Amino acid sequence: MSFVNANYLNLPGSYLFSEIARRVNAYVEDNPKRKIIRLGIGDVTSPLPPAVITALSRAVDEQATDSGFRGYGPEQGYLFLREAVIADAYRDLGVGADEIFVSDGAKCDVGNFQELFSADSKIAITDPVYPVYADSNVMAGRGGPLGEDGRFAGIIYLPCTAENAFVPALPEERPDIIYLCYPNNPTGSVLDRGELKKWVDYARERESVIFFDAAYEAFISETDIPHSIYEIEGALEVAVEFRSYSKMSGFTGLRCGFAVVPRALSGRAALGGEKVRKVALRDLWMRRQTTKYNGCPYIVQRAAEATHSPEGKRQCAALIGGYMQNARLIREAFARKGLVVSGGINAPYVWVTLPGGTDSWRFFDALLRETGVVGTPGAGFGPSGEGCFRLTGFGRAEDTIEAVERLENFTL
Ligand code: PLP
């Protein structure tokens, strides 16, 4: 028998969502007539915008013709989409189409990009966090032992709590890689220009690389919040950025995203002794993608391109507006209860700090029992998430309104 990659055995079980499902199923069995309202979901519920459907079906029809049929596409993505992305978001930020890598979503990119770094690289993540950052590094052997506090000994954790307004402090110990996600899942918080500049300056000074996950960029409503890390001077040399069509245009099922890997961004390669040379991460990523990936489907890339058209943009904005209206209602409902609430302004996530550090699973049970509303216990996103609870604006509008009405009479 062959030995497996034992790092996988260090991963905590996918306890969170299976445990939620178990508790919800038990509740449904006991209360078969009660309608459950799921506000814990990170998936979208509205159908794809009409401009996307039109582009998608046109691209499908092309496949039935000799002239329109496409086989393998360029691994980096079709130029029409990369150019649409540049025109829409990066033209003024010094990014070119050859620095965009189209993919089938941000999860793969944020999970895979760490492969370009040495096995002993030190990573820093916020706590709470989108679990993919930690787990992909644990799989690669960078986690070290899992402590009783729920933290991997080999990872630097940056706590984000109500005390620091969910803005992490710069780490004292130097990480090779820093994962930042803004607007943040799960806390819904953002970094303003000044805060993000601190991170870029730190990365430049300490020669770290920032993995900037901007999957929720389209949900930003306030003006001083950067949409891209490249709005900060000097970021092209220290940051890779990830974006996704999932939440902003309903592509969670269709699958499309992209990574921005600037030519100016490099890592170090040891040449023996003290000698090192610079290596462009863009070239390594290109090599990685051409070896392990065969590209996002043509029809999906045409659909993604349609989100950048004036009509597509209007329709996506309406989609986002609906989710943000839901988030606002949820946010206000919890704020009326006197709770500390983060998010719901520049992000579809609402993060509630529970009174007196209430156990997040206890709150989950109480909310479900009293209202039939399902959220996500903060403890599922990391030890610092304990005492907090996540709700999302991704439900259907009528369900969210009903949930908020039920919440009115709920007391912990
Ligand atoms: N990054 C963050 C922070 C997310 O919350 C998600 C999805 O929930 C993703 C990336 C994954 O996005 P995609 O659907 O493009 O893979």
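Entry 1, charges over rings. I looked up R151 and found that R151 lies over the face of Y157, 5.3 Å from the ring centre. The model is a predicted one, and I read every value here as computed from it. I then turned to R302, which sits over the face of F80 at 3.6 Å from the ring centre.

Entry 2, aromatic pairs. I noted that a pair of aromatic rings is described by the distance of the centres and the angle of the planes. The count for this structure comes to 25 aromatic pairs. I looked at the pair of F117 and F211, which is tilted, with 5.8 Å from centre to centre and 55 degrees between the planes. I checked where the two residues are: F117 is in the loop between α4 (106-112) and β3 (123-127), while F211 is in strand β6 (residues 209-213). They are 94 residues apart, and the pair links distant parts of the chain. Are F117 and F211 buried or exposed? I found both F117 and F211 buried.

Entry 3, a second partner for F211. Y179 and F211 also form an aromatic pair, and I have it down as edge-to-face, at 4.8 Å centre to centre and with 70 degrees between the planes. I placed Y179 in strand β5 (residues 177-181) and F211 in strand β6, 32 residues apart, so this pair too links distant parts of the chain. Y179 is buried, as is F211.

Entry 4, the cluster. Which residues form one aromatic cluster with F117, Y179 and F211? I listed F113, Y130, Y133, F242 and W285 alongside those three.

Terms used. Residues are numbered from 1 along each chain as its sequence is written. This is a predicted model: local features need pLDDT of at least 70, side-chain atom pairs count only at pLDDT 80 or more; totals for chains, interfaces and linings use all residues. Side-chain values use heavy atoms; hydrogens and water are left out. Rings of Phe, Tyr and Trp (its six-membered ring) pair if their centres lie within 6.5 Å; planes under 30 degrees apart count as stacked, over 60 as edge-to-face and the rest as tilted. Helices (H or I, at least four residues) and strands (E, at least two) are DSSP runs, numbered from the N terminus. Buried means under 20% relative accessible area, exposed over 50%, partly exposed in between (1.4 Å probe, protein chains only). A charge sits over a ring if NZ of Lys or CZ of Arg is within 6 Å of the ring centre and within 35 degrees of the ring normal.
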